[in-house]
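Welcome! Please take a moment to look over the sequence and the model shown here, and then read on for a guided tour.

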Amino acid sequence: MRNLARILLWCVCLCIGCDVPFNPKGEYSEKVVVYSVLDLSKNVQFARAYFTYNVSGLDPRQNTMDPQIRNASFVVIDEAGRRYAFRDTLLKRETSDRYSADVVAYYNRELVPSPGKQYSLEVIVPEYGKATATVSVPEPFSIYVNGSRARSLFADSANPCNCIEVSLFSGSGAKGHFTRFFVDYTVKKKGEQGVTRRKEVPVSLRKGADGSVIPIYPQPDRLLFMEFPKNLFLATVDDIRASDPTAEIDIRYVTFISFAMEQNLYNYYLIARGFGDPFSVRLDAPDFTNIQNGLGVFGAVAVDSLTLPIR
């Protein structure tokens, strides 16, 4: 009888559960969304603010009303209590396929973030109250290429992996990094001055559905060791030389740039982008924020770069 009662109770619960309608959107409430990433390599710091929005269906592109906030008050406070007020400005939008108005941004030129220091953010939007966040700025990583910071790229021609090895050291306070590899070159056309340009080297290749070859570039990661295949570097150099047969192209240097990402920025990227792949669809859309009374992210990066001659 006891087992029978348990079975009947389970059936009742199952029937009740089946009557609950499924809603993948969940309950909507309008909130303030804040984005600001302190960057030690820049002489100006930026922030942006938006409202969340609700569409009738599941496609966010149905929203045609630009949700950016034009009357927010941004202040960043350092450990000594100094307050840095941000001013508003307008930036030209790169594409206007969805929204056509200029981008509303907030900036400050006096704030110079320091590694190892903590900063607090206060955002006040009329009728929505105050949103707050804190962030600790990480130390930059030190980049070593093939075990050195001084030798030319191909000084170690006997590397058994036939690759270019990039190692990162230090980076206290960083949870991850975003490291990129560029070829620096100069293009000089007859009768004109030379123009310096830069092209990124992919870390791998994959085939598209139509059979085309698609370059894969690095993404934020926690592993402090990377390998760029030498053949992809040489293919990038060949692409540069073939880009303008009528010009004189001089290729002598490469540059590595590494962004040390503190935990809030890295976690935000991982949750928003880290689960995507071309073979599956997530039914649960995870989210991450360190903004109190709001959404978005208040993060920080520290940058190290290393330029080396190719030979």
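## A helix among strands

The buried residues of helix α3 pack against five strands: β1 (32–39), β8 (129–136), β11 (176–188), β16 (248–261) and β17 (295–309). Here helices (H or I, at least four residues) and strands (E, at least two) are DSSP runs, numbered from the N terminus. Contact means heavy atoms within 4.5 Å, and a residue is called buried under 20% relative accessible area, exposed over 50%, and partly exposed in between, using a 1.4 Å probe and protein chains only.

Which residues of α3 are buried? Helix α3 covers residues 263–273, and its buried members are Asn264, Leu265, Tyr266, Asn267 and Tyr269. The N-terminal end of α3 is capped by Glu262, which has a side-chain oxygen 2.8 Å from the backbone nitrogen of Asn264.

## The model and the whole chain

This is a predicted model, in which local features need pLDDT of at least 70 and side-chain atom pairs count only at pLDDT 80 or more, while totals for chains, interfaces and linings use all residues. Residues are numbered from 1 along each chain as its sequence is written, and side-chain values use heavy atoms, with hydrogens and water left out.

The chain has 3 helices and 17 strands. Of its 311 residues, 37% are buried. Among contacts between residues at least 6 apart in sequence, 67% join residues at least 24 apart. The accessible surface is about 19200 Å², and carbon and sulfur atoms account for 52% of that surface; the areas come from the Shrake-Rupley method with a 1.4 Å probe, and for residues only the protein chains shown count as cover.

## A sheet of three strands

Strands of a sheet pair through backbone hydrogen bonds, either parallel or antiparallel. In this report, two strands pair if DSSP finds at least two bridges between them. One open sheet has 3 strands in the order β9-β10-β15, with antiparallel pairing. Its edge strands, each pairing on one side only, are β9 (141–145) and β15 (225–229). From one strand to the next, the twist averages 25 degrees.

Strand β10 (residues 163–170) is joined to β15 by 5 bridges, and Ile164 has Phe228 in β15 as its bridge partner. Ser167 also lies in β10 and counts as buried at 16% relative accessibility. Leaving aside residues up to four places away in sequence, Ser167 touches Ser142, Ile143, Tyr144, Leu224 and Phe225. Helix α2 (residues 230–242) lies across β10 and β15, at about 55 degrees to β15; such angles run from 0 to 180 degrees between N-to-C directions, with axes fitted to C-alpha atoms, for helices over the stretch in contact.

## The disulfide

How many disulfides does the structure hold? The structure holds 1 disulfide, a term used for a pair of cysteine sulfur atoms within 2.5 Å. Cys161 and Cys163 form it, with their sulfur atoms 1.7 Å apart. The torsion about their S-S bond is about -80 degrees, so the disulfide is left-handed.

Are the two cysteines buried or exposed? Cys161 is partly exposed, with a relative accessible area of 30%, whereas Cys163 counts as buried at 5% relative accessibility.

## A second sheet and an open strand

Another open sheet contains 4 strands in the order β4-β3-β7-β8, and its pairing is antiparallel. Strands β4 (83–85) and β8 form the edges, each pairing on one side only. On average, neighbouring strands here are turned by 20 degrees against each other, direction ignored. Strand β3 (residues 73–77) pairs with β7 over 5 bridges in the antiparallel sense, and Ser73 has Ile124 in β7 as its bridge partner.

Strand β5 (residues 87–91) lies largely in the open, because the number of its 5 residues that are buried is 0. An antiparallel pairing of 5 bridges joins β5 to strand β6 (residues 103–108), where Ala105 stands opposite Thr89.

## Two loop residues with positive phi

Most residues other than glycine have a negative phi, and most peptide bonds are trans. Glu127, in the loop between β7 (118–125) and β8, has a positive phi near 75 degrees. This residue is exposed, with a relative accessible area of 82%.

Asn146 sits in the loop between β9 and β10, and its phi is also positive, near 55 degrees. With a relative accessible area of 10%, Asn146 is buried.

Definitions and conventions
A polar contact is a pair of N or O atoms within 3.5 Å; within protein, one must be able to donate a hydrogen and the other to accept it, and residues adjacent in sequence count only if both atoms are side-chain atoms.
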